[in-house]
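Thanks for coming. I have one structure to go through today, so please bring it up on your screens.

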Amino acid sequence: MPAAPKLASFPAIRGALRFYQICSIITGTMLLLLCAEMLVKYALGYELFLGGSGGFLWFAPVVEGPNGHESTGDGFNLSLGILVAHGWFYVVYLFSCFRVWSLMRWQFWRFLLLAAGGIVPFLSFFLEARVAREVKRYLAEREASEGDAATHDLAAHSTLTQAVPTEQRDKPLL
């Protein structure tokens, strides 16, 4: 069983959680764009281009060549751009998963589950909501229990609370 996070790391955990939430939304959105691009390319046989001979945004047919699917369009290939952007941002997403996982001191299988959020469509959205709710609840409960323990500990060592007899509590002050 991993050790619990230290109270001193709670601000870092909150920052890492916020970064993870942002990264998971961006990664999930890019993954959905990538899935749509793959459907258009392999099921319908088109790629999306920016600029070139077809205008501002246009679809160019994909033909089967000796090296697989080959593009017939000119201009900037947005389909390829989505693929590359998702790949690079997935690395940033993995870093955000690692930060939350390591600061929370979770088991390794949880890191693998978080990492799967960037490759399984829609999973990052569900994990983002669940992880955020779980971490925030954990931090709040832990701070409350530590706060109660600290207050109780301070009251036990205070000279003021030791000097006031507890039997006087039921009697009126005046």
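Start at Tyr46: its bridge partner in β2 is Pro61. This is a predicted model, so keep that in mind throughout. The strand β2 covers residues 57–65, and β1 pairs with β2 in the antiparallel sense, over five bridges.

Between the two strands of that hairpin there are six residues. Gly51 has a positive phi there, near 75°.

β1 has a second partner. That is β4, residues 76–77, again antiparallel, with two bridges. Here Leu50 is the residue opposite Phe76.

Now the faces of β1, which runs over residues 46–50. Which residues are on the covered face, and which on the uncovered one? Glu47 and Phe49 are on the covered face. Tyr46, Leu48 and Leu50 are on the uncovered face. So both residues I named for their partners, Tyr46 and Leu50, belong to the uncovered side.

On to the helices. The largest nonpolar core has 21 residues, and those that touch the most other members are Tyr20, Val100, Trp106, Val131 and Val135. Two or more residues come from each of α1 (10–44), α2 (78–104), α3 (108–116) and α4 (123–157).

One last residue, Pro11, sits in helix α1. Is Pro11 buried or exposed? Its relative accessible area is 57%, and the cut-off for exposed is over 50%, so Pro11 counts as exposed. Its C-alpha atom is 9.9 Å from that of Leu139, although the two residues are 128 apart along the chain.

That is what I have.

Terms used:
Residues are numbered from 1 along each chain as its sequence is written. This is a predicted model: local features need pLDDT of at least 70, side-chain atom pairs count only at pLDDT 80 or more; totals for chains, interfaces and linings use all residues. Side-chain values use heavy atoms; hydrogens and water are left out. A nonpolar core is a set of buried Ala, Val, Leu, Ile, Met, Phe, Trp, Tyr and Cys residues joined through side-chain atoms within 4.5 Å. Buried means under 20% relative accessible area, exposed over 50%, partly exposed in between (1.4 Å probe, protein chains only). Helices (H or I, at least four residues) and strands (E, at least two) are DSSP runs, numbered from the N terminus. Two strands pair if DSSP finds at least two bridges between them.
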